[in-house]
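Thanks for coming, everyone. Let me put the structure up, and then I'll walk through it.

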Amino acid sequence: MSRTQLSRKESINAIIFLAPSLGFLLIFLIFPILASFYLSFTQYDIFSPSKWVGFRNYVQHFSDPLFWNSLRVSFYFTLGSVPARMFLALGLAVILNSQIKGISIFRSLFFLPSVASIVAISMLWLWLYNPSFGIFNFILNSFGFSSQSWLRNPQQAPFCLIIMEIWRTVGYWMIIYLAGLQEIPEQHYEAAKIDGANKWQLFLYITFPCLIPVTLFILVMSTIWTLQIFAQVYIMTQGGPANATSVVVHRIYVEAFKQMRFGYASASSIIFFFIVIFITFLYLKILRTEA
Amino acid sequence: MHKKFCGILQTAVLYIALASIGITMLAPFLWMISTSLKINSEIFSYPLLLLPKKEWDFANYVEVSNFLDFERVFLVTTIATVSAVVSNLLFCSMAGYTFSKLNFPGRDLLFLGVLATLMIPFQAIVVPLFVLIARFPLVGGNNFLGQGGSGLVNTFPGLILPQLVSAFGIFLLRQFFQTVPDELRDAAKIDGSSEFGIYWKIFLPLCRPGLAALGIFTFLGVWNNFMWPLVVANTPQMRVVQVAISSLREQYSTDWAYLMASSIMAILPVLTVFLVGQKYFIRGISITGIKA
């Protein structure tokens with residue numbers, strides 16, 4: 001066969017091999033996000049045909065206190081959990097990276113909460129935070145402190161969810177930090193030790209700089225994922241008390257599936273989508289300047 | 001002498017730190033199991049009992065299984081999960097192989113496009129995805145414009161279709177295929193193998209760790225998935241484990257024993273899969289962090 005015949009055959013094979021997966025992505029990812037754009041300009045309750053309303057949904061979002069509140073709650077939640085979690089994950093990874101026995105057992109143990117389903121963990125922590133019979137108040141009482149209302153208290157509820165989220169996911173990010181740590185060539189450390197560097201200097205001048213790409217990656221990924229939480233809020237607080245835990249995705253859920261305002265909810269989704277895109281582009285930009 | 005003592009002290013402190021964190025991770029689960037084995041009078045006793053005093057009451061597990069029809073629920077969840085795993089392994093590996101080994105115009109741009117879809121969070125498309133499933137033409141009472149009925153809501157296809165392929169899977173397997181030498185394919189071509197034959201008989205078997213990693217990822221992701229099943233399949237006949245458990249929460253009086261018992265049952269399959277395959281799973285996660 002000639003060169004062009006071979007390459008055409010290769011292209012045809014490529015199309016056949018890619019058709020199922022790319023076709024799927026087209027129908028169930030790309031089409032929906034485009035449909036989301038379209039729906040955001042309509043009023044649609046899914047039973048009657050959609051009605052075009054132009055930018056009205058977006059304008060209404062500007063004066064929607066519940067929506068602004070949900071943005072505030074989501075960002076507060078993210079700010080509260082991401083830095084603490086990254087710090088903890090790095091610390092655990094550094095400890096695990098030292099040559100001690102039983103590393104794999106600890107690694108699996110720390111990772112355990114990430115594996116269990118969010119629903120199961122939400123139920124568990126709901127029970128832990130129970131004001132009357134939860135173990136947290138029991139421990140507090142044993143030390144002479146008074147019981148807290150935890151999830152029933154608007155000031156405490158976000159904090160409760162933050163603690164739970166850190167507990168749940170720190171193991172996952174620890175694994176990624178661990179992988180990053182193990183990528184650092186041993187020679188770097190050897191050379192520095194010959195020059196007389198102590199443990200702290202080793203960490204500051206070798207470990208930390210080498211971990212900057214991984215840290216950036218974890219920062220962006222965990223930010224985006226934390227902004228997306230839904231299940232915990234749905235199960236534990238339904239956005240309350242007094243909308244103190246009403247995150248963006250829960251807001252979208254309520255607007256669409258409780259209030260049957262699919263057009264309005266699509267506008268919320270698009271705004272949320274752009275926030276995620278913005279963060280991703282920030283990350284890519286920083287990555288490029290780093291390189 | 002002094003240095004050796006410092007070394008031992010350091011190791012001891014390290015172990016204590018690790019053990020404390022380990023206990024913090026494990027203890028809540030143990031408390032969960034303990035609660036699930038108690039009878040109600042013990043759950044609401046004060047001071048709190050660490051372990052069930054009377055007998056270890058496995059009846060809670062049996063009762064909640066019957067109450068929630070776990071036989072059906074686990075069947076639904078298993079069908080959804082297995083379908084998604086098989087489909088992901090097959091189609092993502094075909095795509096990963098193509099992006100890694102085949103040469104055709106626009107290949108790298110197309111791959112970039114696939115990566116770009118990773119930026120689309122599920123929550124941004126859950127609404128139109130639901131509309132797509134509910135207004136699917138010519139099923140579930142819908143006319144050919146998709147109006148009138150409920151489409152694929154509360155059906156297996158509606159539940160499973162959006163979970164059959166993941167862009168992440170394509171990315172992961174392409175990275176794995178990159179580690180297999182291109183020459184293998186050239187050699188096989190000279191021997192006259194078809195493209196599918198090369199893929200199926202040579203490259204796929206070499207990619208077992210990658211397939212294992214993706215299989216476990218997909219299993220975890222689909223089994224633990226909550227938002228999509230909640231939205232699209234929420235009847236007693238047609239719901240997954242996570243949704244079934246959450247329905248217990250909506251009762252007026254929360255039966256904590258049932259809640260804990262059913263949650264444990266929901267975790268066990270995932271835990272088993274994880275413990276068996278954690279080597280591959282952890283390797284898979286590590287790769288996503290490194291290649292970033």
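I'll take the ground rules, then the two chains, their interface, and a few single residues.

Ground rules. This is a predicted model, in which local features need pLDDT of at least 70 and side-chain atom pairs count only at pLDDT 80 or more, while totals for chains, interfaces and linings use all residues. Residues are numbered from 1 along each chain as its sequence is written, chains are lettered from A and ligands numbered from 1 in the order in which they are written, and side-chain values use heavy atoms, with hydrogens and water left out.

Chain A. The count is 13 helices and two strands. Helices here are DSSP runs of H or I with at least four residues, strands are E runs of at least two, and both are numbered from the N terminus. The radius of gyration of chain A is 24 Å, where a compact globule of 291 residues would come near 19 Å. That radius is taken over C-alpha atoms, and the globule rule is 2.2 Å times the number of residues to the power 0.38. Along the principal axes, the C-alpha trace of chain A spans about 85 × 75 × 30 Å.

Burial next. In chain A, 55% of the 291 residues count as buried. Buried means under 20% relative accessible area, exposed means over 50%, and partly exposed lies in between, with a 1.4 Å probe and protein chains only. The accessible surface of chain A is about 14000 Å², and 68% of that belongs to carbon and sulfur atoms. Those areas come from the Shrake-Rupley method with a 1.4 Å probe; for residues, only the protein chains shown count as cover.

Charges. Chain A carries 18 positive and 10 negative side chains, and the centres of the two sets are 9 Å apart. Lys and Arg count as positive, Asp and Glu as negative; His and the chain ends are not counted. Each charge is placed at NZ of Lys, CZ of Arg, CG of Asp or CD of Glu.

Chain B. Here we have 14 helices and zero strands. Its radius of gyration is 25 Å, against a value near 19 Å for a compact globule of 292 residues. The C-alpha box is roughly 80 × 75 × 30 Å along the principal axes. Of the 292 residues of chain B, 53% are buried. Chain B exposes about 13300 Å², with 68% supplied by carbon and sulfur atoms. It has 19 positive and 14 negative charges, and their mean positions are 9 Å apart.

Now the interface. How many residues of chain A are in contact with chain B? The number is 88, and they meet 92 residues of chain B. Contact means heavy atoms within 4.5 Å. Between them the chains bury about 8100 Å², 80% of it on carbon and sulfur atoms. On the chain A side, Glu10(A), Phe17(A) and Trp127(A) lose the most area to chain B, together 10% of what that side buries. Buried area is the accessible area that two parts lose on being put together, summed over both, again with a 1.4 Å probe.

Trp127(A) comes back with Phe44(B). Leaving out residues up to four places away in sequence, Phe44(B) touches Trp127(A), Phe133(A) and Trp256(B). Phe44(B) is in the loop between helix H2 (40-43) and helix H3 (59-67) of chain B. It is partly exposed, at 34% relative accessible area.

Ser266(A) also reaches across. It is in helix H13 (residues 262-290) of chain A. Buried or exposed? Buried, at 0% relative accessibility. With the same sequence neighbours excluded, Ser266(A) touches Ser36(A), Leu39(A), Ser40(A) and Val127(B).

Then Met164(A), in helix H7 (residues 156-183) of chain A. At 1% relative accessibility, Met164(A) is buried. Its contacts include Trp125(A), Tyr129(A) and Met236(A). Met164(A) and Trp125(A) are 39 residues apart along the chain, yet their C-alpha atoms are separated by 7.3 Å.

Last, backbone geometry. Most residues other than glycine have a negative phi, and most peptide bonds are trans. Gly240(A) and Pro241(A) are joined by a cis peptide bond, with omega about -5°. Pro241(A) is in the loop between helix H11 (231-237) and helix H12 (248-258) of chain A. Met260(A), not a glycine, has a positive phi of about 55°. It is in the loop between H12 and H13 of chain A. Asn154(B) has a positive phi too, near 60°. Asn154(B) is partly exposed, with a relative accessible area of 30%.
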